[in-house]
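Q: Could you walk me through one helix up close, and then show me what its surroundings connect to? I'd like the cut-offs behind the terms too.

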Amino acid sequence: MTADRPADRPYDIVLFGATGFTGALTAEYLAEHADPGTRWALAGRNEAKLAAVRDRLVKIDPACAGLPLLHADTTDAASIDAIAESARVVITTVGPYVKYGEPLVAACARAGTDYVDITGEPTFVDRMYVKYHREAVRSGARIVHACGFDSIPHDLGAYFTVKQLPEGVPLHVEGFVRVRGAASGGTLHSAVGIFGDAAGMICAERERRRMEDRPAGRKVRISRAPAPKARVGDGWTLPLPTIDPQIVTRSAAALDRYGPDFSYGHFVAVKRLPSAAALATGFGALTALAALPPTRRLLLRISSPGDGPSQARRDRNWFSVKFAGEGGGKRVVTEVAGGDPGYTETAKMLAESALCLAHDDLPETSGQVTTAAAMGDALIARLVRAGMTFRVLDPA
C-alpha cells in the first residue's frame, strides 16, 4: 500500500541547486513555461546567489519577484528535511550525486515527496534503490533519477518504439546516439567518479540485484553484443557505456507492454572511422586516468561543476537518437531529437518531469521508478509541446 500524494504543502515544486549552471537554466525554464498557478521556490546554501538568480528570472516573468528563497544545505539535515516536507516535488541539480545526493533522496523518501534529478551515476542510483526504495514505496514518494539527457531520450524513445510494435511477442530494440555538444563540468566530475570506482559500481549493482523483484514470467536483458543487429544510417557504431541501458531495461521490467522477452542494445553512431577510433580511445583513456588518484585530480581540473557554454554555442548543439525495433515479424525505426543535450534540453527535460509529476494524471507508482514507468505518454506529450520530436521514420 502507498500513502496519498501530499496535496496541502506550500509548494508544488522546489528547485535545489538553482545557482549552478544547469540549475539556473532549469529555473529560467520554469519561469517561462511552468503551468499556470504552479507554486514554486528556489533552494540553496547562499541566499545572495539565490536572490541574484531570482533577479534574472524577473526579466522573464515579473511575478518571479515574489519567488520564495529557501535555505538548504546537504550537510544540514534539518534544512533538507524542511524542503522535502514543504514540496510536492523536489528538483535537484546538485552533483556529483554520489557525493551530495543521498540526504535529499532520504528526506523525500521519508516525507512522501516526489524527487527528480539528472544523475547518470549508476552507483548512486543503485545505492539509493537499496537504501530507500522500500521506504519510498511505503510513503508514496516517486524517486525518479536520470531526468536529463541521461536518460529521458533513451528511456522514452525505447518506450515510444515499443508502442509501435505488436503486443505479447518478444521484442528487441537498439538505440543509436548522435550528438553535437560538450559534456558539462558536472557530467565530467560524475564520469570521473564512475570510472574511478569500478569496484564500488559492481558492488552496488550486486546489492540491488539481491533485493530487486524480477518480472514474473518475463525476460528483460541488456544486449552485450559489440555490434548492433540493425543498421540505421551510414557510419560506424560503438557500444555506449552509460546508465541508459539500465534505465531502459528497468522500464521494461516494470511494464508488461515490453513483451515476454525484451532486450536492448545501446550504441553511439559516428559518420567517420577516425571519429569512432578517437571516441574509443577517449573512453579508454578516461577509464585509465580516472583509476589513479593523481591523474583523477588532473581530470577534475578540466572543468568545474557549474561551468557551461554561452547561449550562442548551445544554440548550435543538437542530439538525435534513432531506435530500431523488431518483433512479431515487424520492424520500425523511430527518432527522438532535440537541441543542446548537455544543458538546454537537459534543463527542459528536468523541469517538464517535475511539472508532469506535480500536475498530470499519471499511473499509480511509488519507490524508485523510471520516467517511462512513472510518466510515459504524459511526459512525451509535454516534451513534444516543448519542441522535442518523437517520430516514426520507418513504420512497421
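A: Here is the helix, followed by the parts around it.

A quick word on the ground rules: this is a predicted model, with local features needing pLDDT of at least 70 and side-chain atom pairs counting only at pLDDT 80 or more, while totals for chains, interfaces and linings use all residues. Residues are numbered from 1 along each chain as its sequence is written, and side-chain values use heavy atoms, with hydrogens and water left out.

The part to look at is helix α9, 14 residues running from 198 to 211. Helices (H or I, at least four residues) and strands (E, at least two) are DSSP runs, numbered from the N terminus. At 1.5 Å a residue, α9 should span 20 Å, and its end C-alpha atoms sit 21 Å apart, which agrees. That expected span is 1.5 Å times one less than the number of residues.

Which residues of α9 are buried? They are Gly200, Ala204, Arg208 and Met211, where buried means under 20% relative accessible area, exposed over 50%, and partly exposed in between (1.4 Å probe, protein chains only). These four cover an arc of only 70° around the axis, which puts them on the same side of α9; the arc is that of the directions from the helix axis to the C-beta atoms. An α-helix has 3.6 residues a turn, so residues three or four places apart point the same way. On the face of α9 turned away from the buried side you'll find the exposed residues Ala199, Arg206 and Arg210.

What does the buried side of α9 pack against? Its partners are α6 (122–139), α10 (244–254) and β13 (367–368), with contact meaning heavy atoms within 4.5 Å.

Follow β13 and you land in an open sheet of seven strands with parallel pairing, ordered β3-β2-β1-β4-β5-β6-β13. Two strands pair if DSSP finds at least two bridges between them. The edges are β3 (69–71) and β13, each with a single partner strand, so one side of each has no neighbour in the sheet. Within the sheet, β4 (residues 87–92) and β5 (residues 114–116) pair in the parallel sense over three bridges, and Val89 has Asp114 in β5 as its bridge partner.

Helix α3 (residues 77–86) meets this sheet too: what covers its buried residues includes β1 (11–16), β2 (40–44), β3, β4 and α5 (102–111). Those buried residues are Ser79, Ile80, Ile83, Ala84 and Ser86.

Now for the nonpolar packing. A nonpolar core is a set of buried Ala, Val, Leu, Ile, Met, Phe, Trp, Tyr and Cys residues joined through side-chain atoms within 4.5 Å. The largest one has 61 residues, and Trp40, Leu42, Leu57 and Phe262 touch the most other members. Helix α14 (residues 344–359) supplies the largest share, eight residues. Domain 1 (11–148 + 345–381) and domain 2 (152–340 + 387–393) both contribute, so this core lies between them; the domain bounds come from an automatic or database assignment.

Leaving aside neighbours within four places in sequence, the contacts of Leu42 include Leu15, Leu50, Val53, Leu57 and Leu70. Besides that core there's a second, separate one of 31 residues, including Leu70, Val90, Val125 and Ile247.
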